[in-house]
Amino acid sequence: MVEQRPVHNSEVYLLRQTPFTTIPPLSPPSPITPAEDDFCTPIEALSLSPSSIATCDERLAVQERLAGAVHVLSTETTALQRVTQLYSTDAVARSGFNRAVEAIARRQGDRGKNGKVVVVGVGKSGHIAKKLVATFNSLAIQAVFLHPTEALHGDLGQIGANDTFLLITFSGKTPELLTLLPHLDKALPLILLTSHTRPETCELIRCRPDTILLPAPIHESETKSFGVSAPTTSTTVALTVGDALAIVASRELHPSVSSVFAKNHPGGAIGAALRGPQDALVRHLAVPLSDIADLSTGTPSAPTTGADVLRAGYASPSGWVRLSNGGSGMGVISPRRIRQLSASDLVRRVMADGLAAALVTATGDFVPMAADTTVRQAAEWIRALQQQGRPSSQQNGGGSSNDDTPGDTIVAVMEKGECIGLLEGGALLEEADKNP
């Protein structure tokens with residue numbers, strides 16, 4: 001009998017014979033373990049220089065900043081979505097808004113009442129109140145801001161018999177407002193813009209049950225959202241609800257909200273966008289006299305040259321230069337005239353070399369024009385004067401003028417008999433052609 005011994009290979013120990021008729025081939029032998037020196041290639045040392053660490057930290061800081069910004073925007077967006085849903089479905093909120101609009105429209109819409117909205121707030125709510133006052137006024141709803149502390153020291157005198165109160169407080173129990181409340185005329189409507197969604201939970205309403213509740217809640221506290229109780233989401237929601245009140249109340253009072261807004265907001269980019277070409281006025285284009293730099297004529301030892309005029313025009317806020325001789329003489333040099341200076345003009349003396357005749361427009365040669373003249377009317381007038389074959393300034397009693405083209409005409413924009421600004425004829429014609 002053959003003695004059975006274990007057979008060793010790289011994978012299997014055979015302890016007994018298998019019942020299979022065919023024994024599978026043995027596994028191949030394991031490879032020879034390599035020498036320690038050939039086991040692996042050396043690992044390169046990590047390069048963590050101070051500059052690479054700083055770059056990594058900067059990238060992480062940027063990501064953290066942007067993530068924080070997105071979190072704030074997302075949180076406030078969610079709050080606005082929730083308050084939108086509230087006013088779409090909640091009976092208390094919808095009733096309060098309806099009553100608030102009625103209170104404002106009733107006291108401002110009736111002739112002879114001259115009622116206004118008195119908006120009251122303190123702290124961040126006070127800032128929201130001031131912004132809402134500006135919005136109400138721009139929409140032709142008379143409004144004033146009342147600080148609760150100042151009200152107790154004399155400012156209650158600005159409250160009229162037909163006014164409506166709008167109090168802003170997130171907590172509904174601001175001490176300054178609770179102190180003021182007993183001194184407010186109970187005959188006047190009172191609207192409360194607050195986080196409370198039910199009147200029974202609000203202390204101010206418990207003190208005056210006829211208060212109109214205008215809810216402006218947030219879905220979670222600012223401490224939970226941002227780790228600090230600074231008014232952020234709450235002021236955003238309060239401002240939005242207040243804006244809704246102003247817009248809707250204005251629609252109740254005025255057939256065309258856009259018309260009254262355009263009338264009350266003639267300045268700035270908004271005013272320019274609202275004005276049609278027939279509504280644009282020369283006052284909107286005029287350069288204020290205060291923006292025109294003064295360049296006195298030089299002494300014989302240091303005469304004013306064309307280069308001095310060029311430098312003064314460059315430094316002037318408006319590009320205009322006023323040239324005076326210490327009295328009421330001389331006149332102005334417009335940006336158009338300064339741009340026409342040639343290289344040889346830069347060394348010429350303004351007075352001694354006759355450069356003034358080509359540059360300066362005397363005050364007596366200005367074309368006076370009412371500030372409320374439309375740009376279109378003003379352009380037609382200047383062109384009509386020029387077509388008559390005479391300088392436009394001579395049509396107004398001026399002396400000799402170098403205004404031989406409409407573009408060189410200097411328009412004096414007048415209001416109540418005084419010049420409030422100047423305007424180049426060329427700029428006036430360009431604006432008129434821009435909006436034919």
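A residue is called buried when its relative accessible area is under 20%, exposed when that area is over 50%, and partly exposed in between. In this predicted model, buried residues account for 37% of the 436 residues in the protein chain. The accessible surface of the chain amounts to about 25300 Å², and carbon and sulfur atoms contribute 56% of that surface.

The protein chain contains 15 helices and 15 strands. Contacts also connect parts of the sequence that are far from one another: of the contacts between residues at least 6 apart in sequence, 66% join residues at least 24 apart.

Helix H8 offers a first element to examine. The helix covers residues 233-253, which makes 21 residues, and spans 31 Å from its first C-alpha to its last. This span is close to the 30 Å expected at 1.5 Å a residue. Several residues of H8 are buried, including Thr233, Val237, Val241, Leu245 and Ala249. Asp243 of the same helix has a relative accessibility of 23% and is therefore partly exposed.

Asp243 leads to the subject of salt bridges, of which a search of the whole structure finds eight. In one of them, Lys131 pairs with Asp243, with the closest N and O atoms 2.8 Å apart. Lys131 belongs to helix H3 (residues 124-138) and Asp243 to helix H8, so that this salt bridge links distant parts of the chain, 112 residues apart. Lys131, like its partner, is partly exposed, because its relative accessibility is 34%.

A second group of salt bridges is centred on what can be traced from Arg283. Arg283, Asp372 and Glu415 are linked in a network of salt bridges. Between Asp372 and Arg283, the closest N and O atoms are 2.9 Å apart. Asp372 lies in the loop between strand S13 (367-370) and helix H14 (375-387), while Arg283 lies in the loop between helix H10 (268-274) and strand S8 (287-288), so the pair ties together parts that are 89 residues apart in sequence. Asp372 is exposed, because its relative accessible area is 52%, whereas Arg283, at 27% relative accessibility, counts as partly exposed.

The side chain of Arg283 also meets that of Glu415 in a salt bridge, at 2.5 Å from N to O. Glu415 is in strand S14 (residues 410-415), and this pair links distant parts of the chain that are 132 residues apart. With a relative accessibility of 33%, Glu415 is partly exposed.

Methods. Residues numbered from 1 in each chain as written. Predicted model: local features only at pLDDT ≥ 70, side-chain atom pairs only at ≥ 80, totals over all residues. Heavy atoms only, no water. Helix = DSSP H or I, 4+ residues; strand = E, 2+ residues; numbered from the N terminus. Buried < 20%, exposed > 50% of the residue type's maximum accessible area, 1.4 Å probe, protein only. Contact = heavy atoms within 4.5 Å. Areas by Shrake-Rupley, 256 points an atom, 1.4 Å probe, with all protein chains shown as cover. Expected span 1.5 Å × (residues − 1). Salt bridge = Lys/Arg side-chain N within 4 Å of Asp/Glu carboxyl O.
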